[in-house]
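Student: I should like to learn how to read the features of a protein model. May we go through them together, beginning with the sheets?

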Amino acid sequence: MVLTTTNPAPKQFVESSTFASRYVRQPLPRFQMPENSMPKEAAYQVITDELMLDGNPRLNLASFVTTWMEPECDKLMMASINKNYVDMDEYPVTTELQNRCVNMIANLFNAPIGSGEAAVGVGTVGSSEAIMLAGLAFKRKWQQKMKSQGKPYDKPNIVTGANVQVCWEKFARYFEVELKEVKLKEGYYVMDPVKAVEMVDENTICVAAILGSTLTGEFENVKLLNELLTKKNKETGWDTPIHVDAASGGFIAPFVYPKIEWDFRLPLVKSINVSGHKYGLVYAGIGWVVWRSKEDLPDDLVFHINYLGSDQPTFTLNFSKGSSQIIAQYYQLIRLGFEGYKSIMENCIGNARILKEGIEKTGRFEVVSKDVGVPLVAFALKDSTKYTVFQISDALRKFGWIVPAYTMPADAEHIAVLRVVVREDFSCSLAERLISHIQEVLKELDSLPSRIVKDSHVVTVAKEVVGENKDAEAAKMGDRKIQEKVTKQWRHFVKTKKTGVC
């Protein structure tokens, strides 16, 4: 009979196992740096385990930001992750790639530059920084003009729609510019050009138009705005310009809606920003701003530094930043070309249409987004008296979907919607699966007792209105009062009045 024995594993092998170590028995530091080090394998494992609780970026339908790129581009990004873009003299090729991107984007937006002529623009960490830079240029130009005319220059304002992304509010607050917002109304969720021009005065540094509203994806009518503002400038002697926030739509309109005039084809458009990390198809961390000409970017905003080896002109809010996203943007531009971008955007629009049709077929929703614009679907419940879009959003989480629910800005706060952003990696199959899960959620919520408690006073008022006026309009007003009250109750779950990523 042969007897076998098992020798215990050496202690060092046991200690090399993270789950056999003390590190899984201790809570991770939250406020202070730990006194002692830990093995790299343990640090990697415990952080990986924590990150498992994050949502899946591919299923995050709240975000416009790119969540998939080709492996070859991933390799390029990793190979340049240790390059600081600001070291232009040390990394001249990276600087050249940024300049090429600026030139390509400016030409895409029909900038009036000659063949082979360099465009005026800069890469940023996103459209928020790009908007800050564009806004500063407008403010400085306006201040210089008012000073030369001997007029006060301490009360600048900017005119936008109430649907603008929060970065415009940040610009106004940080740089002391009054924000004059054109209010929205039910059924019209973008800036009205007529009302916008009415709000323009001598202190308006620019009117900001949105090409792809965060709320509904709709393109604002920049051409009409240009015509109305040109007329007002002629009548008043002012020269109020236009900035186009094309964060979401700038990489869509040129490829699928080339006949829409919104860019530098319009004389009053002096600058445009676009997010490379949205439909520019690059991971988060890259935006662009381009100006019509050198005259539209005041020289005194551009700094010249030389302590890194050569004269380096710079116009940014930050200094150091990575090079990876710039390189990735150049990769996408030359890899896909016009043909590739056009195909991808057409696919996104087609899949958005499939999703819209599936949602409409449920008979439970009203789609408030438009067919022409950013490929997204925004939809509101026709009847919110039993449950709300916020409950639907919560229920979809169990399937892994992240679908935001939010209320519209002033004066349409009583409208609450769900919004699904269709990105490059959201396929037809995923659209069909989402539709089936929405149907399951509706069926489940229908079977549950209502969790919404209607305010008795509001219900009484509604009944009185309907009782005294039997016509359909009065009945609609009664329902609307109830709807507004229900929505206000659920707004506690919404931290800000706007959603979306710059």
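**Reading the sheets, helices and contacts**

Tutor: One open sheet has seven strands in the order E1-E7-E6-E5-E4-E2-E3, with mixed pairing. Strand E1 (120-124) and E3 stand at its edges, each with a single partner strand, so one side of each lacks a neighbour in the sheet. From one strand to the next, the twist averages 20°. This is a predicted model, in which local features need pLDDT of at least 70 and side-chain atom pairs count only at pLDDT 80 or more, while totals for chains, interfaces and linings use all residues. Residues are numbered from 1 along each chain as its sequence is written, and side-chain values use heavy atoms, with hydrogens and water left out.

Student: What are the terms "strand", "helix" and "pair" taken to be here?

Tutor: Strands of a sheet pair through backbone hydrogen bonds, either parallel or antiparallel. Helices (H or I, at least four residues) and strands (E, at least two) are DSSP runs, numbered from the N terminus. Two strands pair if DSSP finds at least two bridges between them. In this model, E1 and E7 pair in the antiparallel sense over five bridges. Thr124 stands opposite Gly287 in E7.

Student: Which strands of the sheet does helix H4 touch?

Tutor: Helix H4 (residues 92-108) packs on the sheet and touches E1, E6 and E7; contact means heavy atoms within 4.5 Å. The direction of H4 makes about 60° with that of E7. Axes are lines fitted to C-alpha atoms, for helices over the stretch in contact, and angles run from 0 to 180 degrees between N-to-C directions.

Student: What is the strand order in the open sheet of four strands?

Tutor: That sheet has the order E10-E11-E13-E12, with antiparallel pairing. Strand E10 (365-367) and strand E12 (405-407) are its edge strands, each pairing on one side only. The twist averages 35° from one strand to the next. Strand E11 (residues 376-381) and strand E13 (residues 416-421) pair over four bridges in the antiparallel sense, and Ala378 stands opposite Arg419 in E13.

Student: Which strands do helices H10 and H11 lie across?

Tutor: Helix H10 (residues 324-361) lies across E10, E11 and E13, running at about 15° to E11. Helix H11 (residues 389-396) lies across E10, E11, E12 and E13, at about 35° to E13.

Student: Which residues of helix H6 are buried?

Tutor: Buried means under 20% relative accessible area, exposed over 50%, and partly exposed in between (1.4 Å probe, protein chains only). In helix H6 (residues 166-174), the buried residues are Cys167, Trp168, Glu169, Phe171 and Ala172. Their cover includes helix H5 (127-148), strand E2 (157-161), strand E3 (178-182), strand E4 (204-210) and strand E5 (242-245). Glu176 follows H6 and has a positive phi, near 55°.

Student: Where does Lys278 lie, and what does UniProt record for it?

Tutor: Lys278 is in the loop between strand E6 (269-275) and strand E7 (287-291). With a relative accessible area of 3%, Lys278 is buried. The unreviewed UniProt entry carries the annotation "modified residue: N6-(pyridoxal phosphate)lysine" at Lys278. UniProt positions are given in the numbering used here, feature names are shortened, and annotations may be inferred rather than shown by experiment.

Student: How many salt bridges does the structure hold?

Tutor: Side chains of opposite charge can pair when their charged atoms come close. A salt bridge is a side-chain nitrogen of Lys or Arg within 4 Å of a carboxyl oxygen of Asp or Glu, and the structure holds 15. In one of them, Arg58 meets Asp425 (2.8 Å, N to O). Arg58 lies in the loop between helix H2 (40-51) and helix H3 (71-79), and Asp425 in the loop between E13 and helix H12 (428-447), so the pair ties together parts that are 367 residues apart in sequence. Arg58 is partly exposed at 35% relative accessibility, whereas Asp425 is buried at 9%.

Student: Where do the partners Lys342 and Glu346 lie?

Tutor: An α-helix has 3.6 residues a turn, so residues three or four places apart point the same way. Lys342 and Glu346 both lie in helix H10, four residues apart, about one turn of the helix. Their side chains meet in a salt bridge (2.5 Å, N to O).
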